[in-house]
Structures are given as C-alpha cells and as structure tokens.
Amino acid sequence: MTSRGTPSRFLRSVLQNGVGRYVCQLKRVSIIFSKKAQGSLGVRDFIEEGVVDFAKNNPGTVVYVSPQPCRVPKIVAEYLNGNTKEELVTNKTSQQVLEVLTKLTDQSGLDIIRIRKPFHTDSPSIQGKWHPFTNRPPSAGFIRPQNQHAE
Amino acid sequence: MAAGYMLNRSALTLRLQCQLVSRSPSLTQVREKKRWMKAYTHLMAKKLKLEGPPPPKPRWQQPNWDYHSEVQAFSSRLHENFSLELLKIAFINPCYLQAEQDRRKQLGVDSETMALALKDNLQLSEKGAGLTNSFLTDWCRTSFPNLPHEGVECIVGHLTSPSVVTYVARNLGIEDLTMSAEFPVPDEVLNSTFMAVIGALEESGGAERAAFFLRDFLLTQLIGKDLFDMWIVVNPMGLLVEELTKRNLPLPEPRLIRSAGASTVLPLYFVGLYSDTKLLAQGPGETLVGAEEEAARVALRKLYGYTENRRPFDFSPQQQRQQMLLQSVSQ
C-alpha cells in the first residue's frame, strides 16, 4: 500500500502536554502473567527484581500485577486519553520487560500511525497568509486616486 | 406410510438430541471437528446485530482497580499535593449518593444500620467554579489590558464552557475516578467534578497552586485560538467606531487599496482603514463588504493586542518564574 493510503495524523500532544508542566500519560499498567508457564519466566523474574523500583520511579502510574493461568504473558497499558495498548512479552528476559515498560511510559497514548509532518506550530505564519500581492512590488495592483490624471 | 416414516424420523432425531444433551456434560472434551461452531458463531453474530454492542462498562467494574491507589496516582501524576480525603470527596457527586441510597433501599438494607457516611462535592465544586472564574478574569485583564469587559467575559466563557472543561477532564483521567449515577458520565457531572477538583486543590494547597493548575491545564487550550472565534462580533465596524470614539481618535475611513481579478470567479480586494490619514489596518476579502469587515477585525485585534504574531503566553514552571522575578528584582 502506498503511504497515502495508510492512516495518518499530524504531530500533536495530548492537552498541549509539556507547555505548562509535563504529565506522564501512562495512568495504569497491568502485568498479566502465569505462575507456571515457561513463557512468563522473564516476567516472573521482573516481578521479583524490578517491579517495585519501577512503581517507585513512576508514582503517577498504578501498577497491577495479576498472576492468572495464561500462556502468553502481556502488559496492558492504559493512557490518559482513554487508549489501551497491549504488549506481549512472551519469552522476554527481565531486562527486556523493563525496556517494554519504559517504552510504554514514555509514549503519549496517541495512535502510532504515519505522522504527516515532523514539525508542528500553532501560529503557522507570522507574515500572514499568501495572497496575490505577497512578494510583489507595492505598485502591483495598487489603486490610485482617480482625479490624479485629470489635473 | 409417509406419516409413520416422518414420526419415526422425528423420534430418531429427538433421541439423537437427547443423546447429545446427555453426552455433553459427561464427556469433558471431544477431539473432533467442531461442527457446532459455525452455527454458534452465526447465532452470536445475529444476536449482536439485533441487540447492538453491550453498553460500556465503567472502569471500576473491570478487573484491576484499586480506588485508593488510583486517587493517589492521580495526585502525584499532576505533581500536586492534594489532601487525599478532600480529593476523594471531590469525586463523589450528589447524583451518585442518591443512586446509591436508592439501591440500598431496594436491597432492603436498613438506612440506620448502614448509613452512607459520604459527603458530596457540591461545596468544593462551587468554590472551584468561583476561583476558576475570578482567576481567568484576572489573567485576561492582565494579559490583555486593552480588551473590553465583553471580550474578557467571552474568553472566560469559552474556557469554562462545558465542551472545553469536559475535554480537559477526560484527558486528565478524571472520568475514571468520577462517581456518578450514570455511565458514560454526563457532561455536567464531569464539569462539576473538575471544578470540585480545583476546589480541593485550593483547600489543600492554597489558591496559588490552584491558579498554576488552571494556567497549565485550562489556559493552554487558548493556544492557537483566534479572538473572534470565541467572541462573536456581528458588526466589527461599529465596534471599531465605538473604540475609536472612546480614544478620541478620528473615525476610520475605508479605502480600496488593491484589487485583482475583479471579473473572475476569485476576485480579491484589499481594503485599508485610515484614521487621520494613517493606515490602521488592511484586510483582504472576496467582496468589498467582506474586505472592509475583515479590515475592521484586523484593526480591532491590533487595538486589543490579540494579534496572531503577539508574544506567546508565559507558561514557565513555578520555580523558574520565581527565580526570574528574583533576578529582575536584584538587577
């Protein structure tokens, strides 16, 4: 598919985040893993080693740890704008799980799709919008007093 | 003969069905092609089409929910020191209390033994709304000293309108924590909850913290907004004449400055407004009347100091601001 056919958006942030103060957009993260399955070995390691530190470093994020019989361990992240994102962490080591969590913390929760322009401004032009007389000599199209020629 | 055959057949199928029904609980699992699956999915799809999708569930009814930690995280996420009791009160709406009492009555719980010891957020909400209004008005007055009273009212009205406030509240995660009788939370309930949160912040951290909160989350919505999007002026020329007479300036005189393509489908006229032979402003338009109106709007924006290329608002953090003030005092 060509890039024009894919969904796209402009560069933006949730609620002008960072203009006033920075607010971590990840509000809730649930780590779902199995107590026995081989695939969630790394997640179990992470729960023993790193989850408390992660929760302490991110007081704005509520971390839920829920062991339940499942084959595929996953991390469900919920963002302030209401979006939910799932990341599968099968066979990942403790370090890799932490990397996934850090990535989720840093994201804004907006859809990850093609961004049309890598820059954004709220005041698009200081000079003003283009019109046929921009960058033209001031004499072009100028209307003079009509009685000038008569005198 | 035929009737007997039919009867025999129906009895056969009935027996088969009976067998199927009796077989299913006894055998835990049958390894075969799941021929019932297609009919089942078809039925479920039909049901979904008839009944529509199920109603949305509030977050607190879904798994993994701990109210206390959610409230605590809300407070520290916004870098504020809310008092948690006040914050919890701020989220309880009177409609929720009413619904909860009705529910208890229906269940037959005695109201004396199981009294609802909860306060609602009415007081906090009123306080927050008052603070919001006064702060926004003060801020508008200081940043746009030339703006008349009506304009200030319109800007404040836009910022405190339900659409803007609920948009901000939804993107701050207030909707999940709000206790309301209905779900999805109605706009007016969300509005009053947001105001109650501001009231709680004022009570726990002082009016200054609340002002910074409002500046960071509500005033940022003003970025990229034009003055006349919020303030609907029907006759800008009349307003300009009023303003100029107030300032003892000569009345504006519209003159056609430039024109192009007058006989085409896309004509362009530039009208300049002169006051005392000085150019106040010029504006483009497709018709002469439109161009004159646009020129008047440009002139008003210049008079009020709300031009597009004005200096951006100051949103620097609190500590940095204090340091800058100290520096300016020491110099």
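This is a short talk on how chain A and chain B meet in a predicted model, and on the cavities in it.

Okay, some housekeeping. Residues are numbered from 1 along each chain as its sequence is written, and chains are lettered from A in the order in which they are written. Since the model is predicted, local features need pLDDT of at least 70 and side-chain atom pairs count only at pLDDT 80 or more, while totals for chains, interfaces and linings use all residues; side-chain values use heavy atoms, with hydrogens and water left out.

Let's start with the interface. Contact here means heavy atoms within 4.5 Å, and on that basis 36 residues of chain A touch 38 residues of chain B. People often give the size of an interface as the accessible area lost when the parts come together. Here the two chains bury about 3,100 Å², 54% of it on carbon and sulfur atoms; that's the accessible area, with a 1.4 Å probe, lost on putting the two together and summed over both. On the chain A side, A:L15, A:R21 and A:F133 lose the most, together 25% of what that side buries.

So how many salt bridges cross the interface of chain A and chain B? The rule finds six, a salt bridge being a side-chain nitrogen of Lys or Arg within 4 Å of a carboxyl oxygen of Asp or Glu. A:R28 makes one with B:D176, and their closest N and O atoms are 3.3 Å apart.

Which strand gives chain A's side its largest share? That's β2(A), with four residues. Strands, by the way, are DSSP runs of E, at least two residues, and helices are runs of H or I, at least four, numbered from the N terminus.

Now, the empty space. A cavity is a set of points on a 1 Å grid over the protein atoms alone where a 1.4 Å probe fits but cannot get out, and its lining residues have an atom within 4 Å of a point. Points are joined across faces, edges and corners, and the volume is the space filled by probe spheres set on them. We get two cavities of 30 Å³ or more.

The largest has a volume of about 80 Å³. It is lined by 15 residues, with A:V14, A:L15, A:N17, A:V23 and B:F217 nearest its centre.

The second largest holds about 40 Å³. Its lining includes A:R28 and B:D176, the salt-bridge pair from before. Helix α3(B) gives the most to this lining, three residues.

Notes:
On a 1 Å grid over the protein atoms alone, a cavity is a set of points where a 1.4 Å probe fits but cannot get out, and a pocket is an open set with protein on both sides within 12 Å along at least five of seven lines; lining residues have an atom within 4 Å of a point.
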